[in-house]
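Student: I would like to go through this structure by asking how each label is earned. Please set the values against the definitions.

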Amino acid sequence: MPEGPTIVILKEAVSKFKGKKVLECGGNAAIDFSLFENKTVKDFKTWGKHFIICLKSTNIRIHFLLFGSYSIDEKIKPTRSVRLFLKFKNGTVYFYTCSIKVIDQDLEKIYDWTADVMNKEFDPAKARKKLRAKPGTLVCDALLDQEILAGVGNIIKNEVLYRIRLHPETTIGNLPARKLTELVKECRDYSFEFLRWKKANELKKHWLAYSKKVCSRCNLPFIKKYCGKTKRRTLFCENCQIRYSKATH
DNA sequence: TGCCATGTTAAACT
DNA sequence: GAGTTTAACATGGC
């Protein structure tokens, strides 16, 4: 379910509820639902993998973690329990198995929109600067750092590294400047490809590394390894993806 | 059918 | 205290 582009699709899918009043709400989330009733949706926002419903004087933050999902105007499947639903005059949105938090602070104070790869304010130079500040970090870990590249998940990580032919266990400090620039750029570019392909329901068709067995460039089998401190599944080609080192400089 | 995973947090350790 | 490891959450695809 998650990764930044999918949350953008959700935002577009609920846009018809913007400006509408919450007629009824509920679910099994441990929050006070009375805070939302009769409030009007001011806006829907996304920051990385966060989906934020902005109501007058309060916000609801939804994070789908690994298994979360949503549905709109659908009859609830009895096997799934609804964590949160919001009913409007023109329909209902349901959220399942997700983390829900009420945020009363000013969103501008807690979210750095320039870190979100899907945001129009995304700032590649800032991302590069944050990366350069962590020279010992492996690129496979750095890409998943939500403070640096919010919205990038494990699929995007694998695809980006394969596409720019970069070995996941290269340290940031060993990257030539040009490669670092390319890395940040590809995170954003692939995220928008992800968005386009996901909307067309053909995301998997375009995977080059994620869940693949063989490198399409050289036909050698991919290495499957739980890399870095994050220990997330990483598929890569030892032959085609370059591991930069001091000596490469 | 059992295994595994697009993720994060907090507790339990060293 | 810092850093690391483990557990918990809990669904659906293959």
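Tutor: This is a predicted model. We can begin with one residue pair: Y70 stands opposite F95 in β7.

Student: What makes β5 and β7 paired strands?

Tutor: The requirement is at least two bridges found by DSSP between two strands. β5 and β7 (residues 91–96) have four bridges, in the antiparallel sense. Four meets the requirement of at least two, so β5 and β7 count as paired.

Student: Which sheet does β5 belong to, and in what order do its strands come?

Tutor: An open sheet of four strands, ordered β1-β6-β7-β5, with antiparallel pairing.

Student: Why are β1 and β5 called edge strands?

Tutor: β1 (24–26) and β5 (69–72) each have a single partner strand, so one side of each has no neighbour in the sheet. On average, neighbouring strands here are turned by 10° against each other, with direction ignored.

Student: What is the strand order in the open sheet that contains β2?

Tutor: The order is β2-β3-β4-β8, again four strands with antiparallel pairing. β2 (41–47) and β8 (99–103) are its edge strands, as each pairs on one side only. The average turn between neighbouring strands of this sheet is 20°, direction ignored.

Student: How do you know that β2 and β3 pair?

Tutor: Six bridges join β2 to β3 (residues 50–55), and the two run antiparallel. At least two bridges are needed, so β2 and β3 qualify as a pair. Across this pairing, F44 stands opposite I53, and T46 stands opposite F51.

Student: What do β2 and β3 form, and what is said of G48?

Tutor: β2 and β3 form a hairpin with two residues between them. G48, in the turn, has a positive phi of about 55°.

Student: Which domains does chain A have, and where do they lie in the sequence?

Tutor: The domain assignment gives domain 1 as 4–110 and domain 2 as 113–248. Their C-alpha centres lie 30 Å apart. The contact between them takes 14 residues from domain 1 and 14 residues from domain 2.

Student: What makes a domain residue part of that contact?

Tutor: Contact means heavy atoms within 4.5 Å. The 14 residues from each domain are counted on that basis.

Student: How many residues surround DNA strand B, and which are the closest?

Tutor: There are 16 residues around DNA strand B, and the closest are K49, F67, Y210, Y226 and R232. This surface divides into eight nonpolar, four polar and four charged residues.

Student: Why does Y226 count as having a polar contact with DNA strand B?

Tutor: The cut-off is 3.5 Å between N or O atoms. A side-chain N or O atom of Y226 is 2.4 Å from a phosphate oxygen of DNA strand B, so the pair is within the cut-off. The elements giving two or more residues to the surface near this strand are α5 (154–163) and β10 (232–236).

Student: Which part of DNA strand B do E3 and L65 reach?

Tutor: For E3, a side-chain N or O atom is 3.2 Å from a sugar or linking oxygen of DNA strand B. For L65, a backbone N or O atom lies 3.5 Å from a sugar or linking oxygen of that strand.

Student: Which residues are around DNA strand C?

Tutor: They are F67, R80, R83, T97, K204, K229 and K231. By kind, one is nonpolar, one is polar and five are charged.

Student: How do you know that R83, K204 and K231 make polar contacts with DNA strand C?

Tutor: A polar side-chain atom lies 3.3 Å from a phosphate oxygen of DNA strand C for R83, 3.2 Å for K204 and 3.4 Å for K231. With a limit of 3.5 Å, R83, K204 and K231 therefore qualify.

Student: What share of the DNA atoms within 4 Å of the protein belongs to sugar or phosphate?

Tutor: For DNA strand C, 71% belong to sugar or phosphate and the rest to bases. For DNA strand B, the sugar or phosphate share is 63%, with bases making up the rest.

Technical notes
Residues are numbered from 1 along each chain as its sequence is written. Chains are lettered from A and ligands numbered from 1 in the order in which they are written. This is a predicted model: local features need pLDDT of at least 70, side-chain atom pairs count only at pLDDT 80 or more; totals for chains, interfaces and linings use all residues. Side-chain values use heavy atoms; hydrogens and water are left out. A residue is near a molecule or strand if one of its heavy atoms lies within 4 Å of it. A polar contact is a pair of N or O atoms within 3.5 Å; within protein, one must be able to donate a hydrogen and the other to accept it, and residues adjacent in sequence count only if both atoms are side-chain atoms. Ala, Val, Leu, Ile, Met, Phe, Trp, Tyr, Cys and Pro count as nonpolar, Asp, Glu, Lys and Arg as charged, and the others, Gly among them, as polar. Axes are lines fitted to C-alpha atoms, for helices over the stretch in contact, and angles run from 0 to 180 degrees between N-to-C directions. Domain bounds come from an automatic or database domain assignment.
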